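Trainee: Got a minute to walk me through this one? I'd like to ask a few things while we look at it together.

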Amino acid sequence: MIKCLRNRWEQGYRTSSYPKEKISLPERYRGKPVIKKDCDPKIIEDCAMNCPQEAIHPDQCTIDLGRCVFCGTCERIGKGQFVEFTNDFEFAFTQKKDCITDGHIPDLHQDANMPIKKLLGKSLQLRQVSAGGCNACEADTNVLNTPFFDLSRLGIQFVASPRHADGLLVTGPVTRNMKMALLQTYDAIPSPKIVIALGSCALSGGPFRDSPEISESLDSLLQVDLFIPGCPPHPLTILYALLAYFK
Amino acid sequence: MKHAFLKIKNGERVHRESIPHLPFDVFCDQLISFVFHKGHIVQFFAYMDPHCKWLVVLRNSELYVAGCDVPEKYLSFTLQYEKFHMFEREMAEQYAIKPMGHPWLKSVRYHHNYPGKPDCFGNDYFDDIPGCYPFYSIQGEDIHEVGVGPVHAGIIEPGHFRFNCIGEKVLHLEIQLGYQHRGVEQLMVKAPLKRLPIIIEGIAGDTAIANSICFSQAVEALSSISIDQDAQIARTIVLELERLSNHIGDLGALSHDVAFLMPAAYYGRIRGDFLNMLLLLSGNRFGKGWVRPGGVNDSITDDQRQQLIKSINLLRPQIEHVGDLLFNNSGVLARFESTGCVSAETSEKIGLVGVAGRASGSPYDVRHAFPSGFYTNLNNEPKIETTGDVLARAKVRYREIKRSLHIIETLLQHPNHSDMRRKAIPFHPSAFVVTLNEAWRGELSHCIITDKNGNILRYKVKDPSFHNWTGLALALRGQEISDFPLCNKSFNLSYCGFDL
């Protein structure tokens, strides 16, 4: 008992007051990018050629954040003259087309679906399905339940049964072997229901695009309401997206 | 014991012509004899060049390699030694090589074989996983089956568990994986070079650093790149940070599974602090994007070094106090002790590696047996326990946490100015390399074979989970089914690392 009390005292109170108070992430964190269109076209070409995800379109000066894994290759090669990743973690999309960005990212609060917000905003229950991938997105979603983030204080919960859920949060590139289980879980959720695509794999196949072992992209199988980019997205990005879209 | 296998070193490039290519009968006899003399299999896989060949990497106190031509059918090695069973199933699935008499010849990941030969399992892959092969079942009046997954109750990866029980007691557990199969090994052959590090980091996010190190060391060997000592130290620091974050998270999760929520909350939070240290260094909480062939992408600044030292000084007493709370609680001990036992004999028989192996008394740790990089300069005496239960697996983790903290603290004492050797150098043609590292779960190994033009002919990845899932299945025999979550967590194996 003494040990419990001593540990409790030592641990103190750890829960963050985000979103009321801002949190700053380390300098090397690669978040929302700034794109400099007036950059030397040679540098843009070089960035595009070396991008492992082929996410950069040099003609339009855009970057596809659905494909991007935020590895930082373009920033390193172009010495930040074309793309610079800021440590702003607050970005997510309601339209897949908006993921291809010239630096302008629409305000998620304004893009949110108002009837859904009214319906689910106070209490949101989500079912998570891992449809392939590397378990990093799952791990950084799970971490929202630890004391620092304490997701339930915000009225959001991950539930065990799809019957109890208001929506589906999908990670992974939808492998051929998970397609059926994913669709069955979706069917088991009562309507109206929302679908959230989390991480580069769910948005575009991520590192595994073009593999014959993954099936069609998630948004061609189901209608996706919210796209959260990253590999994996920082837990705060996930938290921001859920709060901006539903709260 | 005399054999014709070639002795090799971890991470050393070998010309393929120097690898003994033995007649099939000689290969089989020597392989069996090696395993009989307490040898273990590190890699055993097939590849096409242009016809189907085998390559095996074995270990006792040294590493060995040999190969041979493969017939379409042969008498299964599993009939003599259980260690072969998953390797033989994998080769049957990937290259349609049939081990005759294999006791449980079922697909591993459920996909078409690579050369497009008739399927060994009779599947056409239009049906859903696991196709036309039944699950193991036991008949009897009081027997019942419990099927769990692939979609589980929590936020975890997909896999199917089929229990055959009598009352609450588990008689047999069959684990069917493959739901996350993304075709990693095939992508590694087809994809352009620039994509490879990204694919490697997507094998298993929680092991992204260990996989990146294995890949980078293999590429460096094939391109004759040597990296500087500071880069090796930086890699050691992040690999140990990866181990710390996972081991601490596991101890918290084990505590959660026996409903002791205080250590679960505290260790859950402390795990996050270690992930944030990786974020500080690499810009990613899993260390993605940092380790690359040639070194590490950005060196550790003095400011970052001081921040890490400060965080560790702050966290070390907390980790110890929470550990004291966890390991001295009689309720926790009652649940951990004698639950999910794997005997030393069973562990040896199936070839357990890593934390699970060491908890069953096997003193194997790659950092000690085949050290690479800066580990050659460190004392890596394996931490072992002998009871093979949940408690032993928890204790091995706890002792390794303390050692990892010590390693990192020692390495952070000196300024680190690593240099990145970025220049892309073509791979040596007709070469072979195997790299091993002690990932937090255990022995992780990558193999690359290049063709006569220096292109990758075969890329083979073996996650420690490939050995250890069998250990979990055996640990459940005779246990209460309600102890499954606890046993599962004590192994905490990778689904995606296995499924590839």
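Mentor: Sure, let's take the overall fold and then some ring pairs; keep in mind that this is a predicted model.

Trainee: How many helices and strands are there in chain B?

Mentor: Both kinds of element turn up here. Going through chain B from end to end, you get 16 helices and 16 strands.

Trainee: What is the radius of gyration of chain B, and what does the globule rule give?

Mentor: Start with the rule, which gives 23 Å for 500 residues. The value for chain B is close to that, so the chain is as compact as a globular protein of that length. The C-alpha trace spans about 65 × 60 × 45 Å along its principal axes. As for the radius of gyration itself, it is 22 Å.

Trainee: What percentage of the residues in chain B is buried?

Mentor: A residue counts as buried under 20% relative accessible area. Apply that to the 500 residues of chain B, and the buried share comes to 64%.

Trainee: Among contacts in chain B between residues at least 6 apart in sequence, what percentage joins residues at least 24 apart?

Mentor: Here you leave out pairs that are less than 6 apart in sequence. Of the contacts that remain in chain B, the share joining residues at least 24 apart is 68%.

Trainee: How many aromatic pairs does the structure hold, and is the one between Phe27(B) and Phe44(B) stacked, tilted or edge-to-face?

Mentor: Over all chains there are 33 aromatic pairs. Phe27(B) sits in helix α1 and Phe44(B) in strand β4, so their pair ties together parts 17 residues apart in sequence. Both rings are buried, Phe27(B) at 0% relative accessibility and Phe44(B) at 1%. Their centres are 6.4 Å apart with 40 degrees between the planes, which makes the pair tilted.

Trainee: What kind of pair do Trp54(B) and Tyr74(B) form?

Mentor: Trp54(B) belongs to strand β5 and Tyr74(B) to strand β7, so this pair ties together parts 20 residues apart in sequence. Trp54(B) is buried at 0% relative accessibility, and Tyr74(B) is buried at 5%. With 4.9 Å centre to centre and 90 degrees between the planes, the pair is edge-to-face.

Trainee: Which residues do ring pairs link into a cluster with Phe27(B) and Trp54(B)?

Mentor: The two pairs we just went through belong to one cluster, which takes in Phe44(B) and Tyr74(B). Ring pairs also bring in further Phe residues: Phe24(B), Phe77(B) and Phe84(B).

Methods: Residues numbered from 1 in each chain as written. Chains lettered and ligands numbered in written order. Predicted model: local features only at pLDDT ≥ 70, side-chain atom pairs only at ≥ 80, totals over all residues. Heavy atoms only, no water. Helix = DSSP H or I, 4+ residues; strand = E, 2+ residues; numbered from the N terminus. Rg over C-alpha atoms; globule rule 2.2 N^0.38 Å. Buried < 20%, exposed > 50% of the residue type's maximum accessible area, 1.4 Å probe, protein only. Contact = heavy atoms within 4.5 Å. Phe/Tyr/Trp six-rings, centres within 6.5 Å; stacked < 30°, edge-to-face > 60°.
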